[in-house]
Amino acid sequence: MKLTLNQLTLRFSDVTAVDHLSCTVNDGEFVSLLGPSGCGKSSTLFMLAGLYQPTEGELFFDDTKVNTVEPEHREIGMVFQNYALYPHMSVRKNIMFPLKMKKVSRKEANARAVEIAELVKIESLLERKPAQLSGGQQQRVAIARALVKHPKLLLLDEPLSNLDARLRINMRAEIKRIQRQVGITTIFVTHDQEEALSISDRILLMNQGRFQQFDHPQDVYLHPTNRFVAEFLGNPPINLLPVNFSEGTARLVQSDKQANSYLGVRPEHLAVVNDGANALRGRSESIESVGRDHVLTVAIQNQKVRILIDADQPIKAGDMVYVRPKPDRAYLFDNEGNTITAQWNGGLTDD
Amino acid sequence: MKLTLNQLTLRFSDVTAVDHLSCTVNDGEFVSLLGPSGCGKSSTLFMLAGLYQPTEGELFFDDTKVNTVEPEHREIGMVFQNYALYPHMSVRKNIMFPLKMKKVSRKEANARAVEIAELVKIESLLERKPAQLSGGQQQRVAIARALVKHPKLLLLDEPLSNLDARLRINMRAEIKRIQRQVGITTIFVTHDQEEALSISDRILLMNQGRFQQFDHPQDVYLHPTNRFVAEFLGNPPINLLPVNFSEGTARLVQSDKQANSYLGVRPEHLAVVNDGANALRGRSESIESVGRDHVLTVAIQNQKVRILIDADQPIKAGDMVYVRPKPDRAYLFDNEGNTITAQWNGGLTDD
Amino acid sequence: MRRGAFSKGFIYLLLIAGGILMLLPFVWMISTSLKAPNQVMTLPPIWLPHPIEWSNYLHAWHTAPFARYLFNSIFVAALSTLGVLLTTILAAYAFSQINFYGRDVVFSILLGTMMVPGEILLIPNFVTLVKLGWIDHYEALTVPWMASVFAIFLLRQFFLSIPKELSYAAKMDGCSDFKYLWLIMVPISKPALITIALLQVIGSWNSFLWPLIVTNSMTMRTMPVGLMAFSSEAGTEYNLLMVAATMVILPMIILFIILQKYIIEGVTRAGIKG
Amino acid sequence: MIERRTWKKTLRALLYLAPALALIIVFDVYPIIKSFLISFYTRYNYFTDVVYARGIDNYLSIFNDPEFWLSLRNTAIFVLGVVPASICLSLAVAVLLNQKIRFRGLLRTIYFIPFVTSVVAVSVVWRWIFHSQYGLLNAALGLVGISSIHWLTDPNWAMPALIILAIWKGLGYNIVIFLAGLQNIDSNYYRAARIDGASPWQRFIHITVPMLSGTTLFVSIIAMINAFKVFDEIYALFNGYPGPVNSAETVVYYIYNKFYVQNQYGIASAASYVLFLIIFVLTLIQLKVGGQKKERTRSKKLATGGGR
Amino acid sequence: SSKGTSSSGKISDIPDKISKPVTITFWHAMNGGQEKALQQLVKEFQQTHKNITVKLVNQGNYSDLSTKLTAAAKAHTLPVMAQAYENWMSSYIKNNQIDDLTPYENSTKHGWSASDKNDIVKVFLDSNTFNGKLYGVPFNKSTEVLFYNTDYLKEKKLSVPQDWDQLKNAATKLTGTTGKKKVVGLGFENGIGFDYPAWVRQAGGQYADEKANKLLFNSAEGKDALNFLTNMTKNGTARLAGEDNYMSGPFSNGDVAMYIGSSAGMSFVQSGAKGKVNWATAPLPKGKEAATPFQGTNLVMFSSATPDQKLAAWELMKYLSDKKPTMEWAKATGYVPVRKSVLDDAEWESFIKENPEYAAAEKQFDSGFFEFRSPGTEQVSNILTKEMQAVFLNKESVEKGLTSAAKQGQKVLDQEKDN
Ligand SMILES: Nc1ncnc2c1ncn2[C@@H]1O[C@H](COP(=O)(O)OP(=O)(O)OP(=O)(O)O)[C@@H](O)[C@H]1O
Ligand SMILES: Nc1ncnc2c1ncn2[C@@H]1O[C@H](COP(=O)(O)OP(=O)(O)OP(=O)(O)O)[C@@H](O)[C@H]1O
Ligand SMILES: [Mg+2]
Ligand SMILES: [Mg+2]
């Protein structure tokens, strides 16, 4: 099912939760919705589900306008951010509920419920009530309930937030598999970028209710259309250096006031090099190891820059080092935060 | 406050949620509690809080046994996995509530509430009711409420699960800062390993209610005491190869049946090398890029092995490659999953 | 969509049809209160009085000391309702949140007291009030009604449905049981409490036999007693009686209009996941 | 948190219960016991409390009284006629009134009015509605070809008339309680159910009804108790008489008659306790059946209790 | 139990006079205009009896008053005096709760003179006399009269029925469609069982023997009476008030041409019929005999009062049954005066001229009787009502209905006696 949002807007009494959002999601596409807390992700899903009526704008499923179609007629599967499991029903009944509503026979409904419960690894909990489950187990029931009826549109609001990393990877693979198999158009809200980047066909980025970028994962990561996107993605976060950009060359300046633009380079796109050409000179301050990452912090003038290095790189705190960005992986943003597409020859200097 | 758990056990009618858990958390320590969904993390926190009475075992705060001390007298701050905000109170009232209970003057309580609200970036939402907040905003209110009274013990049950990466890093830095400043002993449940590894003083790993390992983050990561811990941590997950280990050398075998032990090597500890000494030969199958990671999958006999490589490493799908683990970063586990500490000289062969 | 509009229309139709039936006696009451006596008992009934006798109101008002009755009614209703809320909140808390020895037995006994017809209890209670020296005092009108098994039972049901997570959170915040009751449970149970208050006020307001029996002086009596003035053994001055009845129930309807907003204003459980 | 019982908790509970219990003991339990004793006094002076003989004669005498059995039968018919219908109707109206519809406040008020309207006004209008010649009901029935029914003077129709009046009168009361109960259901469950494809009717059946079960149990118990104790409605509708040929005489009417008209205090008390026993047993059954259902929904409480 | 002897009823106990101010409480069931009239009389009384303060307490309607008196008796907080029906009085006497008034009546100082005793309507005094002792003073008394629609009677050229045959005849003639209305000839109030004693008496029979505590209506005369009524209800020439509750309604609507009911209902007919029908009243038609029941309450004093209070109460009773007050009372309320001398009073005569409908009641003093007074009578009447309804509805034969009523009623009386 193709999904078209046209200037979709949702206002609560004093808050604009979603602000003229427009985009088109293709049939069978898996889209991740990303953005800071409170930016309007859940609100958008609620409008797609029909639970909130858009204040403005139009919503199309394929080519039908559905603004006023009741949620129960939209054939949607949804995992709510707060689960919303039926407290009076057992896990089994919870999962079977959507099938029961579709008048699937009891027997078949049960078989399908058991099958999907195995998938999300709660088959041993079928007779429990939601209150007897751990947070992650509840979340898995919610996922099972959303998937079991093979909806036409799947809306997932942070469905994996309470699962451990291992299970999470499993689950998302399963979701993806079912989604592919049945070809369900899916909107997936997550705060886990790695997750968004790894399973989405495209990523939709929002901020303060407004559209930011809608692109393939690597494009969003590697070709951010604005500073917000660049800053929002990536961990450790992108380094942003105030520069004065003119005549194809960026010159590092002392303070934001002097800057006419910012140079953004992700920690993994900075390398410690031996020569100073198109590089910045700084003092290595510390090396931190977190799991498999080793983060070197370098002070360049009064700016701190983080660089991902290999475990075996022989750098000690206090060393003076040259730092050079990969030319095609460094971005220039103007003061409004837009990416400057003007020719930059990679020239960089710290004075 | 020092925390001592002695054989702490919690049984529900038919489930043992926590199973003879013993450990000691030092005064002012920041401990992360990690484990798969449903392993008993929340249950453990609830016992520490006094909300559940342990079925067995003892619990000490400093040197006082507190098994029967009422929760309201334990001076604990807690963020619940499901928030548990007071639905009838505004955000401000929610945050001020613990102070009100401590009979802090209205004025001071308000000042402190505003201060902490700024910290978690909800200062503009103070007059709203919880129902008018997004999931992440609710979670931040819960954090604020737990922190505002500077408790002696802070219990955080996945407090950041609904926050975006940027905010999350911010929040955890703030939590850590306050925790340090006031010296609050903190137990932090999270599913984000990177988070656990980066902010904890120590990590406590649980599985099925049972103790697994309690160590400093890098130790847990680099020196797992058993296969569960090794498998649980790390992303992409550790590679586990069935081997026959004898006389200091591990030999790759075809199937689990022939194996007397497993060799575990994390993807970042495998390197593609040119020579076959102590290395395994395989065929490069695919290279995937997710954000900043580039994962090479190599088929060695009938096993798939994942290796993290640099973006610029010139390997194509289909190439025949040699793969060699870093000797001191490869672990041997016996069939029960325990780490074999017997001398291993790094010898490795695939035939 | 069209189905929605259709069913909405159907709902309205049903509700309005039912509403007319509900309203009929009320309309009749008002209309009768404005009739001359010879239009009262005609069949088929006259719905629009002609001429409209506004003077009935003046006349009825002067027939009995209604101002005093009104004050007493308000005072007694307010006092006994406050009392009932207090005792009910405390008792419902114990029954719903504390697991104590004999809980079920005590609760069953309380339930049992509702099953004995009140007609039997009137005289023993009168005797008790005499012994307490409360006859013809406000105590007699209020104190016996300051506890209600019905209300305790109702509130207990509501308290039972409050998620326990909230009590956990409150305990973490250092809140004692008593404070938890007042600061969390009571505000959350507002719809139930308002319902209880409403029913209690109405019960107290409309109660007739009790105030008549336990008081002797005019100055202690309440509105419904005023209705007496218009009936005798052989018949009733319906038009004046309806004036008085209108005066009696009008405050209740106004009260309901005010309070029903709060009954609607339910508490969402948002803030608690799951 | 429901957990193990202790004496300390019992003491605390008593403290909370004290004000209510004190009043209930003085004004309910004590007179109940007192009249229970009276039900065993066969010869005594009610006014001086001098007892000459005790025994179970009062009970024997009511069991041998055909009038008592008649009143019992009438009461049973009344309860069966009123309680289920009243609960279903009031639940339906409450649900409708809980919808986001226009004039909701006004409609609620209207449905509540019968509950507060003066009994006299009510009875006069209903006597008109039931009037065989001029009545609204017969006029309506006439439209569908049913010939005039003598609701109030035909012994066969007096009880149905009484039942209709009682349902009408009790509606507002039950609706208010149901409305309060409906507020307790989180709208999130309705949202989830809509997503799951549940129609309004299905949402009613699968969400409203089960989540309202506590309130429904409460309402049905209260409605049953009140129906068993019906008295005022009879007085109002038949102007002090228990219907034509006593066709609407109920147990409480019987008791009232024995007590206040005939001054047979012992017999009246005995009849009260027979009634009490019947209601009590039925209530226990209801609690048990309803409780089992709730047991299932609230087993979370039990489970936390496991953490001893 | 000892009947009727009360500790403080001896002449020696009666004080000579009331020397100290005394307050007496008087519980009554008078409402509206009746209450106002009572208050007025009491005010006048107090002006002449400076030492006595009367506290009038309205206790609702009669049934509320009775409940309250029962409760007060139980709590030993009875007032000094109250209104009471004769059958209540017999209970009170049984329980030694009210005082024998004979010593007061006979007291030379405070009592009635012989002419006083003669002046008070005999049936009223008799009804207050139990075992030869006076226990109450008649107060608000009403009787049954025949209401008739003068227009209808004129139209059918009928004179006012004087006996059963005429009544039956008139009822038959008046039944049918008159103008646009369907009219029923004769109406009875719903509590027909309460009127039955009169019908039995009119048929020449006896309703009950009070001394023997025996019901006697299951007799040939009793059957005659019931047959007479049943024939009319069955052929549609007579009806009960039924769903209309009080006959005053359909009568003032012109749906019923005549009815037999309490004189106390006159004011309701008056206001209801205004501008719709013209009407008048007449004494009850007689059967073999003329018999008219008198109803209404009497004044009693409770034994628990002090001698001073009792004397004060007696003074009030005496005052209220005096000629002028009883006339005022009758004029204000429509109750009948309790003294015969009132009837000849000029003031009264002019009042009757203006309100001719009030005349019917007083014309019946001679045929008056008081009802059976034993405890349980009310219940017997209820049983009769039920059985008579069954007979009217063809559910039972006259024979069976009466037998059954007599059986049930006798059982109640026996129980009451044992009680
Ligand atoms: N009330 C209960 N009754 C029965 N079993 C329960 C109850 N609460 C929790 N459990 C079970 O106890 C085990 C531990 O639950 P707990 O909530 O501690 O897990 P957790 O580690 O917090 O998991 P998650 O990460 O999913 O929140 C789970 O298997 C759960 O199903
Ligand atoms: N009922 C409401 N009334 C008023 N404002 C609301 C309401 N619900 C949400 N909002 C506001 O609308 C904005 C968007 O909320 P939404 O729930 O869509 O955010 P979100 O992107 O899902 O955030 P999160 O990641 O924290 O869940 C937030 O600022 C929130 O405070
Ligand atoms: Mg959200
Ligand atoms: Mg948990």
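How much of the accessible surface of chain A belongs to carbon and sulfur atoms?

**Figure 1. Surface of chain A in the predicted model.** The accessible surface of chain A comes to about 13,700 Å², and carbon and sulfur atoms hold 45% of that surface. Areas follow the Shrake-Rupley method with a 1.4 Å probe; for residues, only the protein chains shown count as cover. Chain A has 351 residues, and 60% of them count as buried (under 20% relative accessible area, 1.4 Å probe, protein chains only).

**Figure 2. Fold and extent of chain A.** Eight helices and 20 strands make up the secondary structure of chain A. Both are DSSP runs: helices are H or I with at least four residues, strands are E with at least two. The C-alpha trace spans about 75 × 45 × 35 Å along its principal axes. Take contacts in chain A between residues at least 6 apart in sequence: 65% join residues at least 24 apart. Contact means heavy atoms within 4.5 Å.

**Figure 3. The axis relating chains A and B.** A turn of 180 degrees and a shift of 0.0 Å along the axis lay chain B on chain A with an RMSD of 0.1 Å. That is the relation of a two-fold axis. In chain B, the C-alpha of Ser161(B) is nearest the axis, 2.7 Å from it. The same surface serves both copies: 100% of the contact residues of chain B recur in chain A. Superposition is by least squares on C-alpha atoms of residues with pLDDT of at least 70 in both copies.

**Notes.** Residues are numbered from 1 along each chain as its sequence is written, and chains are lettered from A in the order in which they are written. In this predicted model, local features need pLDDT of at least 70, while totals for chains, interfaces and linings use all residues.

Conventions. Predicted model: local features only at pLDDT ≥ 70, side-chain atom pairs only at ≥ 80, totals over all residues. Heavy atoms only, no water. Buried < 20%, exposed > 50% of the residue type's maximum accessible area, 1.4 Å probe, protein only.
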